Amino acid sequence: MRIGISVGDLNGIGLEIILKTFSDFSSFKNTTPIIFASKQAVVSYQKKLNSFYEVHYIAEISAAKENALNVLTIWNNTISLQIGKPSKETGKHAVISFAKAVEFLKNNEIDALVTAPIDKKTIQSKDFYFPGHTDYLIKELAGDGMMLLMTKTLRVGLVTDHLPIRQIADAVTKERIIAKATALIKCLKQDFAIKTPKIALLGLNPHCGDNGVIGTEDDEVVSPAIAELIASEINAFGPFPADSFFGSGNYKNYDAILAMYHDQGLTPFKTLSFGKGVNYTAGLNKVRTSPDHGTAYDIAGQNKADESSFKEAVLAAIEIVNNRK
């Protein structure tokens, strides 16, 4: 199985966690990982780390070796690394790596894509103006994409993701909730082989609005959406007050949770599983995963980065591709 890897921000910990992940192939039998970058970039980073891992450099994807870490050269210019510091140069090359990997994914030249962390500010340009990986993938690939954070025992999907707080209430519509819940159910069946999945939906307002005292959206939008889902024979439950749902352990009773907005879902998720979680773009016709953390400039180049989340992202991508097959 060919796993494409976009290199992320070269001044962050992306290359370090990639190299560490594939220093041992015992967990990745019959796997061909391919980094989209350049030899100069990888060699320069290894020198900065003073740590050298075996890498196979190729000019064509057909030359990739199984059970070896491959680097497909997609640019030839020299990059000046300033590890630990954001820069427009590494932001530009993070986009080049990502966009090229997506191109190969669309053309079925790789089976899945795992993305190393980017800096959302340095990637911005007149040619690439997206809040992150997910938004670009939704534009480029087919399906109804949704951010899904997951571990082996916890999955949290989002109705809205990278939106400012002031825009969230207007974006949480009945139609959007139904679309995301339906996509989540399909994902649980197709990608995780769960025959009759159960999902819980969180309320939008504190205490689900307290019968209209703290907002009417839960009564007028969220509850009717759940009623329609149930009528279409989807096992949807809620809305549940978000403040007590995770602390009470209630999340353990469901195959996935659908949160209304980014921090409502990601704050408890990362509290419970930070460093071991995976970000999966569910609902698309292609498979993409990533670790649940960012560039970590503060520890970049110091050989301190923990590769656990990136490794789990690779394993999850492999599992999902196999389940789909």
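**A buried helix, two pockets and two buried residues**

Helix α1 (residues 14-21) is largely enclosed by the rest of the structure, because 8 of its 8 residues are buried. The description given here rests on a predicted model. The buried residues of α1 are Gly14, Leu15, Glu16, Ile17, Ile18, Leu19, Lys20 and Thr21; Glu16 and Lys20 thus appear in this list alongside Leu15, Ile17, Ile18 and Leu19. The cover over the buried residues of α1 includes the strands β1 (2-6), β2 (32-37) and β12, together with the helices α2 (39-49) and α10.

Strand β2, one of the elements covering α1, contains Thr32. With a relative accessibility of 7%, Thr32 falls below the 20% cut-off and therefore counts as buried. Beyond its neighbours within four places in sequence, Thr32 makes contact with Met1, Arg2 and Ile3, and also with Ala64, Lys65, Glu66 and Asn70.

The largest pocket of the model has a volume of about 330 Å³. Its lining comprises 21 residues, of which Lys120, Asn279, Ser290, Pro291 and His293 are the closest to the pocket centre. At least two lining residues are supplied by each of α4 (133-140), β6 (143-150), α9 (262-273) and β12 (288-291). Strand β12 thus contributes to this lining and is also among the elements that cover α1. Classified by residue type, the lining of the largest pocket consists of 10 polar, 7 nonpolar and 4 charged residues.

The second largest pocket encloses about 220 Å³ of space. Its lining is formed by Met150, Thr151, Lys152, Arg155, Phe192, Lys276, Val278, Glu312, Leu315, Ala316 and Glu319. Helix α10 (residues 308-324) provides the largest share of this lining, with 4 residues; α10 also belongs to the elements covering α1. In the lining of the second largest pocket, 5 residues are charged, 5 are nonpolar and 1 is polar.

A further buried position is Asp161, located in the loop that joins β7 (155-158) and α5 (165-171). Although buried, Asp161 has no salt bridge. Lys180 carries the nearest side chain of opposite charge, at a distance of 5.7 Å, which means that the pair lies outside the 4 Å limit for a salt bridge. When neighbours within four places in sequence are set aside, the contacts of Asp161 are with Asp135, Met147 and His262.

Methods. Residues are numbered from 1 along each chain as its sequence is written. This is a predicted model: local features need pLDDT of at least 70, side-chain atom pairs count only at pLDDT 80 or more; totals for chains, interfaces and linings use all residues. Side-chain values use heavy atoms; hydrogens and water are left out. On a 1 Å grid over the protein atoms alone, a cavity is a set of points where a 1.4 Å probe fits but cannot get out, and a pocket is an open set with protein on both sides within 12 Å along at least five of seven lines; lining residues have an atom within 4 Å of a point. Grid points are joined across faces, edges and corners, and a volume is the space filled by probe spheres set on the points. Ala, Val, Leu, Ile, Met, Phe, Trp, Tyr, Cys and Pro count as nonpolar, Asp, Glu, Lys and Arg as charged, and the others, Gly among them, as polar. Buried means under 20% relative accessible area, exposed over 50%, partly exposed in between (1.4 Å probe, protein chains only). Lys and Arg count as positive and Asp and Glu as negative; His and the chain ends are not counted. Contact means heavy atoms within 4.5 Å.
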